[in-house]
Amino acid sequence: MRNQKIVIPASMRAEIIKKIHDGHQGVTKCRERANQSIWWPGLSTEINDFVKRCGHCQERRSTQRKEPLKSTPLPQYPWQKIGCDLCEVKGSTYIVMVDYYSRYIEIAYIRTPTSQSVILKMKDVFARWGVPETVLSDNGPQFASQEFSAFATSAQFIHQTSSPYYPVSNGEAERAVQTAKKIIACEDPFSALQSYRATPIPSIRYSPTQLMMGRQIRTSLPTITSQFVPRWPAPLDVVRNDERAKATYTRDYNKRNGARELRELQPGDKVRVKTATDDKWSNPATVTSRAGYPRSYIVEAENGGVYRRNRQHLLKVPHDNHIDVSTPDVDVSSDEQEAPAMPETSHATRKSSEPKGVARDQPDDKPSAVRRSSRAVVPPKRLDL
Ligand SMILES: [Zn+2]
């Protein structure tokens, strides 16, 4: 016994480690589990090594690093494309709608979170602004229902939901929900909403009301009368400001999230291969050489097949017979981490400035033996309120 823990003799350690890793929990959890009842010198390191070498866990590692951010272009006109989402503040449910062009936000209280009440509130708002061409939402039951799909058909809009197999981001709506929640929590939510709508969106430099109605609205802030006379912002100006802001945002995001070059591999490195069509890091292989393209390698699979693979699709794993703690991509500290989440923002969801150093399905992704598609499908982050 040592600090209420059983000291395991060397002969039994291998067996015990296997038991600790039952259920294939990550290093942190395995350590916690061991720590409750057993001990031997070097246990922590041995757990780390064991888990890193577990083939089952390696196969199920999440996709490497975050995908580089791609942003969507601004819609052509106000209220053409909106995102909607439900949120709860102090036990009450609200529907939040946001216009992707103007960032104009509509918030409505919903007595019962059913499809029917959601549809009713949307109809109310559509009476004001017209029917958008596209409505984005998550897969919440109110939006996934038969009723809602019938509503989309009769009102004539396209309903796009975020789903693991069709990664349409609902980012703008999710961000609007954050804004809406702050507004609802204010002492005077109506005044707070009015302020939001009258305040320029920094990236575009026009306010949601200017973009929706071509003029400022009158608030308690002293403003000269001419501001209230309709004068539309030049659409091209709006687009340009938006693009510039998105480009900057995308670059910062990619930097912040490590959407950057992965470590170089050396001949002899052990890897596991996973292209976008594989759901696991199933295929062990050895790097034989660089392929002559940036971030591209020739690997030899265990079955003897030789492939050219992009760095993005190669996960470095420890060599079988030597402890290599510092270099593997298998990051033991973040074993609870899931596949990359969608950016929580906005407009910056698809396409545009791609950072240097992010592996793409360039020529190098064409395998010399088997043809595989390499487009990554990133499961979108679900709104978690
Ligand atoms: Zn495992």
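The questions and answers below walk through two sheets and a few loop residues of this predicted model.

User: Hi! What ground rules apply to the numbering and to the confidence of the model?
Analyst: Happy to help: residues are numbered from 1 along each chain as its sequence is written. This is a predicted model, in which local features need pLDDT of at least 70, side-chain atom pairs count only at pLDDT 80 or more, and totals for chains, interfaces and linings use all residues.

User: In what order do the strands of the mixed sheet stand?
Analyst: Strands here are DSSP runs of E with at least two residues, helices are runs of H or I with at least four, and both are numbered from the N terminus. Two strands pair if DSSP finds at least two bridges between them. By that rule five strands form an open, mixed sheet in the order S5-S4-S3-S6-S7.

User: Why is one side of S5 and of S7 left without a neighbour in the sheet?
Analyst: S5 (105-110) and S7 (158-161) stand at the edges of the sheet, so each has a single partner strand. For S7, the parallel pairing over four bridges is with S6 (residues 134-137).

User: Which residue in S7 stands opposite valine 135?
Analyst: Let's look at the pairing of S6 and S7, which is parallel. Across from valine 135 stands histidine 159.

User: At about what angle does helix H5 run to S5?
Analyst: Axes are lines fitted to C-alpha atoms, for helices over the stretch in contact (C-beta atoms, placed from the backbone, within 7 Å). Angles run from 0 to 180 degrees between N-to-C directions. H5 (residues 115-129) lies across S4 (92-99) and S5, and its angle to S5 is about 140 degrees.

User: Is lysine 90 buried or exposed?
Analyst: Lysine 90 sits in the loop between S3 (81-89) and S4. A residue is buried with 20 or more other C-beta atoms within 10 Å of its own, exposed with 12 or fewer, and partly exposed in between, with C-beta atoms placed from the backbone. Lysine 90 has 6 such neighbours, so the verdict is exposed.

User: Which are the edge strands of the antiparallel sheet?
Analyst: This open sheet has five strands in the order S11-S10-S9-S8-S12. Pairing on one side only marks its edge strands, S11 (306-310) and S12 (314-316).

User: What is phi of glutamine 156 near?
Analyst: Glutamine 156 lies in the loop between helix H7 (146-155) and S7. With 8 other C-beta atoms within 10 Å, glutamine 156 is exposed. Its phi is positive, in a residue other than glycine, and near 70 degrees.

Notes
Two residues are in contact if their C-beta atoms, placed from the backbone, lie within 7 Å.
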